[in-house]
Amino acid sequence: MARSRSSAKKKKKSVLKKVIDFFVKSEYHAYLVGGYVRDSTLGRESVDFDIVVEGDGIRIARQLNSKLKGKLTSHAEFGTASICINSHRVDLASARAEKYTSPAHLPHVYPSTIVEDLNRRDFTINAIAMSISKENFGEIFDPFEGLSDIKKKLIRILHKQSFMDDPTRIFRALRYKNRFGFKMEDDTERLMQEAIRKGMVERLTGQRVLNELQLIFDEDTYPDTIEDLAYYGVFNLKRNDLRLMPSSNDHAFYFLLSKLAKNTLPLTKDTQKIVDDFRNLPKVIAKLNKASAHSTIFGILSPLSSEAAEAISLIKPELSEKTKTYQTLRKVKPFITGKDLRKYGFKPNRQYDRILTKIFNMQLDKKIMNRKQALAYLNTAKKK
Ligand code: ATP
Ligand code: MG
């Protein structure tokens with residue numbers, strides 16, 4: 001799901017350097033914000049660069065991209081643009097235009113503009129900006145003392161209404177907390193719990209919840225975040241559910257979706273099938289526990305999506321022999337096919353499928369060893 005961070009790392013310098021060169025040589029007022037400033041303070045690599053510019057973000061992005069030569073996508077309605085290049089993403093956003101309205105504030109317009117922009121952000125650690133403009137390059141704007149919170153390892157919102165304004169921040173808070181091994185600041189934790197209690201998560205569209213879940217499962221610390229979401233009551237998960245979560249991001253993602261109320265998330269048909277299979281896994285596992293004949297194992301597992309079939313050995317390692325057997329059985333070529341049946345005068349109907357399955361099962365169980373024996377069986381079946 002996630003882009004490869006390690007391959008992106010190698011090219012990081014050159015992309016960031018080109019971005020900085022562009023702004024330092026220009027007259028624009030631009031700031032690196034959010035993730036990059038936070039991560040570099042923490043001594044961590046970051047792949048994406050968020051830039052706030054004063055002026056027309058989309059036009060400036062076009063100019064920047066004539067140097068970067070990446071893939072530019074503009075979002076006119078938000079005044080934002082993204083450039084994708086070598087697994088990096090450079091996001092450009094326009095600082096709010098209304099900050100320019102009062103001429104009385106002109107001398108302070110740049111800092112106050114960026115500070116205004118930072119006011120809209122989620123957490124103090126993400127509300128730090130660093131100028132990459134010619135005249136004050138490197139100057140840090142940290143109106144909410146995010147640098148201090150980074151040192152104290154705290155996730156802190158900027159104002160009391162934050163979680164009510166945007167409940168996706170509940171997911172974000174827990175994701176950052178676990179990614180960095182931080183703690184929730186006391187008031188932030190209390191206000192988050194209050195928002196959860198007031199049902200703010202239920203007010204989010206399914207699509208927004210799904211997006212947040214995908215972001216959570218893109219990170220290695222997803223088990224902690226899911227545990228937190230259960231602990232705080234965002235999701236109603238039992239201890240056992242958590243214990244049985246498969247140890248792979250993708251499978252765990254489907255596993256969690258299968259534990260949530262049906263039809264709350266806008267899933268594609270394919271994803272829905274996988275999730276339904278995951279919901280059914282306890283029954284499948286119980287049946288598989290008892291199964292020993294190859295044909296029985298095949299019959300239990302073949303209707304499943306490959307994701308659900310793979311998850312079984314992650315949930316129950318003691319069943320891995322049987323799931324391995326299934327992977328071999330999947331490759332078995334049937335001795336006879338529908339074509340043979342038609343040649344023998346069978347009309348395609350239910351009985352036809354039954355005979356094909358029967359012969360294939362006998363083949364899987366080694367009761368029939370070759371095509372000749374299969375055809376001989378077919379002959380006797382026909383006479384009946
Ligand atoms: P990551 O390493 O997860 O990408 P990031 O800080 O770059 O971390 P993004 O999701 O890329 O996070 O968003 C960029 C910035 O936009 C954040 O740092 C934050 O300042 C702001 N932001 C994103 N989502 C929200 C939100 N829901 N509410 C307020 N600010 C947000
Ligand atoms: Mg980012």
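Trainee: What makes the pair formed by a polar side-chain atom of Arg121 and an oxygen atom of ligand 1 a polar contact?

Mentor: The two atoms lie 3.0 Å apart, and a polar contact is a pair of N or O atoms within 3.5 Å, so the pair qualifies. This is a predicted model, in which local features need pLDDT of at least 70 and side-chain atom pairs pLDDT 80 or more, while totals for chains, interfaces and linings use all residues, and side-chain values use heavy atoms, without hydrogens and water. Residues are numbered from 1 along each chain as its sequence is written, with chains lettered from A and ligands numbered from 1 in the order written.

Trainee: Which distances place Arg38 and Gly35 in polar contact with ligand 1?

Mentor: An N or O atom in the Arg38 side chain is 2.8 Å from a ligand oxygen, and a polar backbone atom of Gly35 is 3.2 Å from one. The protein covers 76% of the 590 Å² of accessible area (Shrake-Rupley method, 1.4 Å probe) that ligand 1 has on its own.

Trainee: Which elements give two or more residues to the shell around ligand 1?

Mentor: They are helix H2 (35–41) and helix H7 (168–180), helices being DSSP runs of H or I with at least four residues. H7 gives the largest share, 6 residues, and 15 residues surround the ligand, each with a heavy atom within 4 Å.

Trainee: Why is ligand 1 said to lie between two domains?

Mentor: Domain 1 (8–152) and domain 2 (162–235) both give residues to its shell, so ligand 1 lies between them; the bounds come from an automatic or database domain assignment.

Methods. Polar contact = N/O pair within 3.5 Å; in protein donor to acceptor, adjacent residues only side chain to side chain.
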